[in-house]
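Reader: I should like to go through the ligand site and then one pair of helices. Could we begin with how a contact is defined?

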Amino acid sequence: MNIRLDGKRALVTGGNSGIGASIVNELADAGAQVAINYLDHPEVAEQMAQSIQQKGGQAITIQADIANMVSVEAMFKRIDEAWGGIDILINNAGIDGDYMTSWQADIVKWKQVIEINLFGTFYCANQALKRMISQKMGVILSTSSVHETIAWTGHSAYTSSKAAISMLTKTLAQEVAPHNVRVLAIAPGAVKTTINQNVWDNPTGLKDLLEKIPMARIGEPSEIAQVAVFLVSDVASYITGRTIFVDGGMTDYPEFAHGG
Ligand code: BGC
């Protein structure tokens, strides 16, 4: 099966690093036009756009803070000006936030995680859906996490934001299904990016992490990105309102490989 996205106009938030960057490259390889959103490191986004253009693809870069509604509106206007609309939104940008137990939480930092991961996802979905509903076509794929279902001490803002993305996905999917628009989420497990480098970069952290994964290895960004391309393509035309887990079995309770 050959998955093609020729002529599709896509936006990837947080597209200049980690899983987002891999999704940008996979979308472009499948023929989509890609808008690479970034918050900082414009040079990385520019370099990515240039290498897509050198291969004959189309890419633009857009600086925007997804936690700021005005900034998000301006980003979508920029895409309208460049391409006249949007067909695929990948809500990828997000942060883990600092480790902090609930009783020690710095409320400003706690709120910031929710503002980026949840409000940011909603602001972008809101803008994308205004356009997708009127053209009666489109797909939104938001990055959730295994932590939409697995509790994670010290990360209550993060787990809450990802659980919220699950229900946001289901509800938006129900709202827009009659308009031929699909809404999905993808839930990566431990994937090798800078977000968790402090864990996989040291032997103790890595050993502990691998014990939590039945497949006993960390995922590569491309293993998430390829599933993302499938989900936003017409090959997945009958899937909506669901989170797809891509986690090497992390949500399969590896502790139960023995005992019980
Ligand atoms: C987090 C990573 C973490 C992984 C597994 C992801 O959602 O962003 O930091 O390693 O979940 O716990």
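Author: A polar contact here is a pair of N or O atoms within 3.5 Å. Please note that the model is predicted.

Reader: Which oxygen-bearing partner does a polar side-chain atom of Tyr158 lie 2.5 Å from?

Author: That atom of Tyr158 lies 2.5 Å from an oxygen atom of the ligand. The protein buries 90% of the 310 Å² that the ligand exposes when taken alone.

Reader: How far from an oxygen atom of the ligand is a polar side-chain atom of Ser145, and what is the value for His147?

Author: For Ser145 the distance is 2.7 Å, and for His147 it is 2.7 Å.

Reader: Which other residues are around the ligand?

Author: The residues around it include Asp96, Trp152, Gly189, Ala190, Ile195, Asn196 and Met250. By class, the shell has five nonpolar, four polar and one charged residues.

Reader: Turning to the helices, at what angle do α4 and α5 pack?

Author: Helix α4, residues 107–135, and helix α5, residues 156–176, pack at about 15°, and their axes are 8 Å apart.

Reader: Why are they described as roughly parallel?

Author: Angles under 35 degrees count as roughly parallel, and α4 and α5 are therefore roughly parallel to each other. Their crossing is right-handed.

Terms used. Residues are numbered from 1 along each chain as its sequence is written. This is a predicted model: local features need pLDDT of at least 70, side-chain atom pairs count only at pLDDT 80 or more; totals for chains, interfaces and linings use all residues. Side-chain values use heavy atoms; hydrogens and water are left out. A residue is near a molecule or strand if one of its heavy atoms lies within 4 Å of it. A polar contact is a pair of N or O atoms within 3.5 Å; within protein, one must be able to donate a hydrogen and the other to accept it, and residues adjacent in sequence count only if both atoms are side-chain atoms. Accessible areas come from the Shrake-Rupley method with a 1.4 Å probe; for residues, only the protein chains shown count as cover. Ala, Val, Leu, Ile, Met, Phe, Trp, Tyr, Cys and Pro count as nonpolar, Asp, Glu, Lys and Arg as charged, and the others, Gly among them, as polar. Axes are lines fitted to C-alpha atoms, for helices over the stretch in contact, and angles run from 0 to 180 degrees between N-to-C directions. Helices (H or I, at least four residues) and strands (E, at least two) are DSSP runs, numbered from the N terminus. Angles under 35 degrees count as roughly parallel, over 145 as roughly antiparallel, 65 to 115 as roughly perpendicular and the rest as oblique. A crossing is left-handed if the near helix is turned anticlockwise from the far one by less than a right angle, and right-handed if clockwise.
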